[in-house]
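Student: Please take one part of this model and look at it closely. I am new to it, so name each place as you reach it and say how it relates to the rest of the chain.

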Amino acid sequence: MASRLVQVLHAGKLSYRQGLRLQTAVVNRVRDHNPHVLILTEHEPVYTIGIRTRDYSEEEEHRLLAVGADFVRTNRGGLITFHGPGQLVAYPVLNLRHFQPSVRWYVCHLERTIIELCRRFGLKDAQTTPDTGVWIGDRKICAMGIHVSRYITSHGLALNCDNDLSWFRHIVPCGLAGKGVTSLAQQLAERSIDPRTVEGSLTTDSVTPHFLRCFSDTFECELTTLEDPVQRLLLEESRHEAKG
């Protein structure tokens, strides 16, 4: 199990650009044979696009900036999506050589983690489809977009907990016309399930322990909190915004 020790870094709220800098620092740590790291964060409002949307027009970019969110082009997979407060964002930085050196295996295990989490909240119809992510009916509850380089993973998933879904109205989420988005809060409300029957009020903080248990069980790994001095160093580095 030593090779599957995953250190959890609770990063709090970060801008997306800070999150990218943090991932870069953590990827370098893991590549240098340090333990795997699972970054947990929330982002300030931002629209991001993956490598499959390089031709996204400047006009569309300016339109989205005008609604009050940032706009960032990334090297992850997937199409356009939104991140914002109330959404639990997880960036596992794993060396897949210690798990299974397969991108398909990795994505399937991320999806299984979220499906199991949804079931813990009474949402037994959460499922995968040919489109990446986790869905309830034709609405996506968790988006996924990853990057893998020399078997080291970055980027990850965004689980809608209790976020403002109106931000998604300005885009075609993940490029899938005719399909929508949902959240844990919306699903529980529609089914008259009191989130307090699960554990406290529904926030990213209350969802996080469930996510960690599901992640540990699915990936068959041991979780521990990243040492405070290292965590502070990495977070401090992430707070210096990239210029240009």
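**From one loop residue to the pocket and the cores**

Tutor: Glu-220 counts as exposed because its relative accessible area is 53%, and the cut-off for exposed is over 50%. The model is a predicted one. Glu-220 sits in a loop, with helix H6 (204-219) on one side and strand S11 (222-225) on the other. In sequence, Glu-220 and Phe-99 are 121 residues apart, yet their C-alpha atoms are 8.9 Å apart in space.

Pairings of this kind fit the overall contact count. Among contacts in the protein with a separation of 6 or more, 75% are between residues 24 or more positions apart. The protein has 244 residues, and 52% of them count as buried. Its secondary structure consists of seven helices and 11 strands. About 11400 Å² of surface is accessible, and carbon and sulfur atoms hold 49% of that area.

The part to look at closely is the turn from strand S8 to strand S9, with the pocket that these strands help to line. Arg-150 lies in the loop that joins S8 and S9. This residue has a phi near 50°, which is positive although the residue is not glycine. Arg-150 is exposed, since its relative accessible area is 58% and the cut-off is over 50%.

Another loop meets this one. Arg-97 belongs to the loop between strand S6 (87-93) and H3. Once neighbours within four places in sequence are set aside, Arg-97 is in contact with Arg-150 and Tyr-151. The C-alpha atoms of Arg-97 and Ile-152 are 8.5 Å apart, while the two residues stand 55 places apart along the chain.

Now take the strands on either side of the turn. Ser-149 is part of strand S8, and it is classed as partly exposed because its relative accessibility is 27%, a value between the 20% and 50% cut-offs. Ser-149 and Arg-31 are 118 residues apart in sequence, and 10.0 Å separates them from C-alpha to C-alpha. His-155 belongs to strand S9. Like Arg-150, this histidine is a residue other than glycine with a positive phi, here near 55°. Is it buried or exposed? His-155 is buried, because its relative accessible area is 2%, and buried means under 20%.

His-155 also takes part in the second largest pocket. Fourteen residues line this pocket, and the ones nearest its centre are Thr-24, Asn-75, His-147, Ser-154 and His-155. Helix H1 (16-31), strand S8 (139-149) and strand S9 (152-160) are the elements that give two or more residues to the lining. H1 provides the largest share, five residues. The pocket has a volume of about 220 Å³. By residue type, its lining consists of nine polar, three nonpolar and two charged residues.

S8 and S9 appear again in the lining of an enclosed space. There are two cavities of 30 Å³ or more, and the largest holds about 60 Å³. This cavity is lined by 11 residues, with Thr-81, Lys-140, Ala-143, Asn-160 and Phe-168 closest to its centre. Strand S5 (81-83), S8 and S9 each give at least two residues to that lining, and S8 gives the most, three. Seven of the lining residues are nonpolar, three are polar and one is charged.

That leaves the nonpolar interior. Nonpolar side chains in soluble globular proteins tend to be buried together. The largest nonpolar core here has 39 residues, and those that touch the most other members are Ile-114, Ile-141, Leu-159, Leu-184, Val-207, Phe-211 and Phe-219. Helix H3 (residues 103-120) is its main contributor, with eight residues. Val-207 shows how parts of the chain meet: leaving out residues up to four places away in sequence, it touches Leu-88, Leu-117, Phe-121, Leu-159, Cys-161, Leu-184 and Leu-202. A separate core of 22 residues lies apart from this one, and its members include Leu-22, Val-46, Val-93 and Val-230.

To put the part back together: S8 and S9 are joined by a loop that contains the exposed Arg-150, and that residue is in contact with Arg-97. The two strands, along with H1, supply residues to the second largest pocket, where the buried His-155 is among those nearest the centre.

Terms used. Residues are numbered from 1 along each chain as its sequence is written. This is a predicted model: local features need pLDDT of at least 70, side-chain atom pairs count only at pLDDT 80 or more; totals for chains, interfaces and linings use all residues. Side-chain values use heavy atoms; hydrogens and water are left out. Helices (H or I, at least four residues) and strands (E, at least two) are DSSP runs, numbered from the N terminus. Buried means under 20% relative accessible area, exposed over 50%, partly exposed in between (1.4 Å probe, protein chains only). Contact means heavy atoms within 4.5 Å. Accessible areas come from the Shrake-Rupley method with a 1.4 Å probe; for residues, only the protein chains shown count as cover. On a 1 Å grid over the protein atoms alone, a cavity is a set of points where a 1.4 Å probe fits but cannot get out, and a pocket is an open set with protein on both sides within 12 Å along at least five of seven lines; lining residues have an atom within 4 Å of a point. Grid points are joined across faces, edges and corners, and a volume is the space filled by probe spheres set on the points. Ala, Val, Leu, Ile, Met, Phe, Trp, Tyr, Cys and Pro count as nonpolar, Asp, Glu, Lys and Arg as charged, and the others, Gly among them, as polar. A nonpolar core is a set of buried Ala, Val, Leu, Ile, Met, Phe, Trp, Tyr and Cys residues joined through side-chain atoms within 4.5 Å.
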